[in-house]
Amino acid sequence: MDFIEKSCTFADDNHSMLNFLTGKDLPLLKNMLNKDFNFQDVPNGWVLCFNEKCKMKETCLRYMAAQYAPADMTTATCVTPRALQGDECRKFVAERYETEAWGMSRFFEGVRHEHYTQLRNALYRMLGQRNYYRYNSGEWKLSAKQQKQISDLFRRFGYQDAPPFDHYEKRLQFPF
């Protein structure tokens, strides 16, 4: 059986994983600290990597996330060294950003009266009526795929594109 994830316990409850870096990792750490990264964006249970010997760590989102683990975090699901085969890691995740959107306060400004109810109801069906309000308020963000689906919906009604969303934000994606 190929088991590559396990629960890891940090060596000392009073120190973050940053304290376990060796001197050769300091340039990498400085590079990572310049990035706009917030550990709160990492989903619960997302697999982290603490393998300092990995040659792919400089561009690995799992390794970067592990470096930002809070000081009081004592256990985490992590990649074991067996994931590394030669110079390749089977659990490697490259940084990938996606532009998420929310807020639809101007969506219906250019919509003809005869399309308004049908278009609004189609959006409710697509997103869920209760969820529509979460996306509108920004509690939830629309993925690029959802934005395209909404744009396609407006095109089916004869509109060139969907009206712009109120807000856009480029965010790191954490695939499971």
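Visitor: Why is there no bond between the sulfur of Cys49 and the closest cysteine sulfur, in Cys60?

Guide: A disulfide needs a pair of cysteine sulfur atoms within 2.5 Å. The sulfur of Cys49 is 5.8 Å from that of Cys60, so the two are too far apart for a bond. This is a predicted model, in which local features need pLDDT of at least 70, side-chain atom pairs count only at pLDDT 80 or more, and totals for chains, interfaces and linings use all residues. Residues are numbered from 1 along each chain as its sequence is written, and side-chain values use heavy atoms, with hydrogens and water left out.

Visitor: What makes Cys89 fail to bond with Cys54?

Guide: Cys54 holds the cysteine sulfur closest to that of Cys89, but at 5.2 Å it is too far for a bond. A search of the whole structure finds zero disulfides.

Visitor: Why is Cys49 called buried?

Guide: Buried means under 20% relative accessible area, exposed means over 50%, and partly exposed lies in between (1.4 Å probe, protein chains only). Cys49 has 7%, so Cys49 is buried.

Visitor: Why does Cys89 count as buried?

Guide: Its relative accessibility is 16%, and therefore Cys89 counts as buried. Of the 176 residues in the protein, 41% are buried.

Visitor: What makes up the helices and strands of the protein?

Guide: They are DSSP runs, numbered from the N terminus: helices are H or I with at least four residues, strands are E with at least two. The protein has five helices and six strands, in the order β-α-α-β-β-β-β-α-α-α-β along the sequence.
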